[in-house]
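Please examine the chain shown below, first as a whole and then residue by residue. The paragraphs that follow serve as a guide.

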Amino acid sequence: MGVITSLQKDIILSYLCDNCTLESHNQGNPNVILTKANITFESLKAILYYFERIGLLSDLNLKYNFISFVLHIEANDLKMKGGFAFQEQILENNLQKLKLELENLKSNFNQNNLSLLIRFQASFPQSYQQYHSLVQPKFNPLIRI
């Protein structure tokens, strides 16, 4: 079994949504899906078990010449939102945006900022103790007189 791609998952997702009844018991021959997605039986098995784990289908019964399951509406929702490839693209875009933000932060962060941060970090415990001693409550409702 090789790497399973988002495209393969999307092909199977689309096939199921286009050819099965939502929220009903569906059955058939898995060879049609194997041919459509151009994958091995073991890959199909892994993908369908994954679909079951994430709630796209339930009651999965998969044999070499028989398949049955209940396809849930969440599968159709995922397909309508662009499927797995779209989710992967969003993740990639977010990671790229984060990389650019870190590069920008790095270029704007100089040695003076670092030394200021180190001084602040070193003085924070002492400053916190001084602040805490000044603002201690005069009345503590947990202490009885």
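A residue is called buried when its relative accessible area is under 20%, exposed when that value is over 50%, and partly exposed in between. The model considered here is a predicted one. In it, Ser6 has a relative accessible area of 11%, so this residue is buried. Ser6 belongs to helix α1. Apart from neighbours within four places in sequence, the residues in contact with Ser6 are Phe84, Ala85 and Glu88.

The wider setting may now be considered. The chain contains six helices and three strands. Read from the N terminus, these elements follow the order α-β-α-α-β-β-α-α-α. Of the 145 residues in the chain, 25% are buried. When contacts between residues at least 6 apart in sequence are considered, 63% of them join residues at least 24 apart. The surface that the chain exposes amounts to about 11,000 Å², and 57% of this area is supplied by carbon and sulfur atoms.

Helix α1 also takes part in a pairing of charged side chains. Side chains of opposite charge can pair when their charged atoms come close. Asp18 and Lys79 form a salt bridge through their side chains, with a distance of 2.5 Å from N to O. Asp18 is found in helix α1 (residues 6-19) and Lys79 in helix α4 (residues 73-80), so the pair ties together parts that are 61 residues apart in sequence. The count of salt bridges comes to one. As for accessibility, Asp18 has a relative value of 51% and therefore counts as exposed, whereas Lys79, at 26%, is partly exposed.

Technical notes
Residues numbered from 1 in each chain as written. Predicted model: local features only at pLDDT ≥ 70, side-chain atom pairs only at ≥ 80, totals over all residues. Heavy atoms only, no water. Salt bridge = Lys/Arg side-chain N within 4 Å of Asp/Glu carboxyl O. Helix = DSSP H or I, 4+ residues; strand = E, 2+ residues; numbered from the N terminus. Buried < 20%, exposed > 50% of the residue type's maximum accessible area, 1.4 Å probe, protein only. Contact = heavy atoms within 4.5 Å. Areas by Shrake-Rupley, 256 points an atom, 1.4 Å probe, with all protein chains shown as cover.
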